[in-house]
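Got a few minutes to walk through a model together? Here's a round of questions and answers to go with it.

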Amino acid sequence: MNNTSENIKEKQLSAKDFATDQDVRWCPGCGDYSILKQVQSILPEIGVKREDVVFISGIGCSSRFPYYMNTYGMHSIHGRATAIASGLKATRPDLSVWIITGDGDALSIGGNHFIHLLRRNFNVNILLFNNEIYGLTKGQYSPTSPKGQITKSTPMGSLDHPFNPLAVSLGAEGTFIARSMDRDPKHLREILLRANNHKGTSLVEIYQNCNVFNDGAFEVFTEKGTKADETIFIEQAQPLIFGQNKDKGIKLDGFKPVVVNLNQESANDLWVHDETDRVKAAMLVRFFSDQTQTERLPRPFGVFYREERYSYEEALAAQTMDALNKKGKGDLDSLLAGKNTWSIR
């Protein structure tokens, strides 16, 4: 087969071409199925050959993901998918690298690696499946479980204040920070494509329902009867409007976001979303209040923040080339031996 024929074949790939023949071992009804389907559906569009795509995961239910992708992949160790992906990207910057992780894997065991990947800005995509529970180990509370949650390991209710994953990511100097949900496949698909197109580390938090150990954790954001009033979908250059009848908005009272009734207030006064505004992104990620409170803000979904910044692998390649130009090709044996030697008698 000549190259032209091979190229045509690659262009005809479909979502099914990215699925494997492995039995999917997630619980029936798990939100992971939806995420898997959307990822498989976007890959033909991004135009990368299967042999140039790599999925790397840590440990947890979500981390079985690489088994179900007909690409290269690695089911690695707890919390270390970020470290392995960094090494791969440093040596093979041409690959499309995706990190699959969960709230326990990324924010507890792998927390340190997670924040340092974000600040280094390797050109990889992180999909953070957040179900606010440890599912694989049968229902212990996780770093994102809400305070007071009763689980097998917190029978009297969790005392921990929960992590805010997007606030952590913004604080770690992430360059693409977004949120979507498993039960809105159209929105999830759009966010995944934008994450792929971002040059640098993209972080997508995905609200994922664990229907066995934490069923309904995000129901207020996903169900038809409450979704419109409890969520707000943020779009570049668009005012922050939400509600069943699109009759509510967010405006700033100084630096304080407040909900206004658009039957009484002008839409011209509303907060207009700017994905490149770090100060406003810092406020948006704090739309994180307990949904049982009377005075609360809607939970945002979409791209909170993005910026263009050099990637780590680009800087590494440039520095390596600079060293070769200045010092020439090195000698590993001489480097290991060093300048100091001694004898043992």
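Q: Which residue takes a positive phi just after H11?
A: Keep in mind that this is a predicted model. Helix H11 covers residues 312-327. Just past that helix the backbone goes to a positive phi of about 80°, and the residue doing it is Gly-328.

Q: How far apart are the end C-alpha atoms of helix H11?
A: H11 has 16 residues, and at 1.5 Å a residue the helix should span 22 Å, because the expected span uses one less than the number of residues. The model agrees with that expectation: the end C-alpha atoms are separated by 22 Å.

Q: Which residue in the loop between strand E4 and helix H6 has a positive phi although it is not a glycine?
A: The loop in question sits between E4 (125-130) and H6 (165-171). The phi there is about 75°, and the residue is partly exposed at 48% relative accessibility. That's Lys-138.

Q: And which non-glycine has a positive phi in the loop between H6 and strand E5?
A: Here the loop leads from H6 to E5 (176-181). The phi is about 70°, and the residue's relative accessibility of 36% makes it partly exposed. The name you want is Glu-173.

Q: Which strands are the edge strands of the open sheet E8-E9-E10?
A: The sheet has 3 strands with antiparallel pairing, in the order E8-E9-E10. An edge strand here pairs on one side only. That picks out E8 (241-242) and E10 (256-261).

Q: What is the bridge partner of Leu-252 in E10?
A: Strand E9, residues 248-253, runs antiparallel to E10, and 6 bridges join the two. For Leu-252, the partner in E10 is Pro-257.

Q: Is Val-258 buried, partly exposed or exposed?
A: Val-258 belongs to strand E10. Leaving aside residues up to four places away in sequence, Val-258 touches Gly-249, Ile-250, Lys-251 and Asp-253. Its relative accessible area is 22%, and buried would need under 20%, so Val-258 is partly exposed.

Q: What separation do the C-alpha atoms of Val-258 and Gly-135 have?
A: Along the chain, these two residues are 123 residues apart. In space, their C-alpha atoms are separated by 36 Å.

Q: About what area does the nonpolar surface patch with Leu-335 have?
A: Leu-335 lies in helix H12, residues 332-337, and counts as exposed because its relative accessibility is 65%, over the 50% cut-off. Leu-335 makes the patch together with Leu-332 and Leu-336. The area comes to about 380 Å².

Notes:
Residues are numbered from 1 along each chain as its sequence is written. This is a predicted model: local features need pLDDT of at least 70, side-chain atom pairs count only at pLDDT 80 or more; totals for chains, interfaces and linings use all residues. Side-chain values use heavy atoms; hydrogens and water are left out. Two strands pair if DSSP finds at least two bridges between them. Helices (H or I, at least four residues) and strands (E, at least two) are DSSP runs, numbered from the N terminus. Buried means under 20% relative accessible area, exposed over 50%, partly exposed in between (1.4 Å probe, protein chains only). Contact means heavy atoms within 4.5 Å. Patches are made of residues with over 30% relative accessible area and no salt bridge: like charges are joined within 9 Å, nonpolar side chains (Val, Leu, Ile, Met, Phe, Trp, Tyr) within 5 Å. Accessible areas come from the Shrake-Rupley method with a 1.4 Å probe; for residues, only the protein chains shown count as cover. A salt bridge is a side-chain nitrogen of Lys or Arg within 4 Å of a carboxyl oxygen of Asp or Glu.
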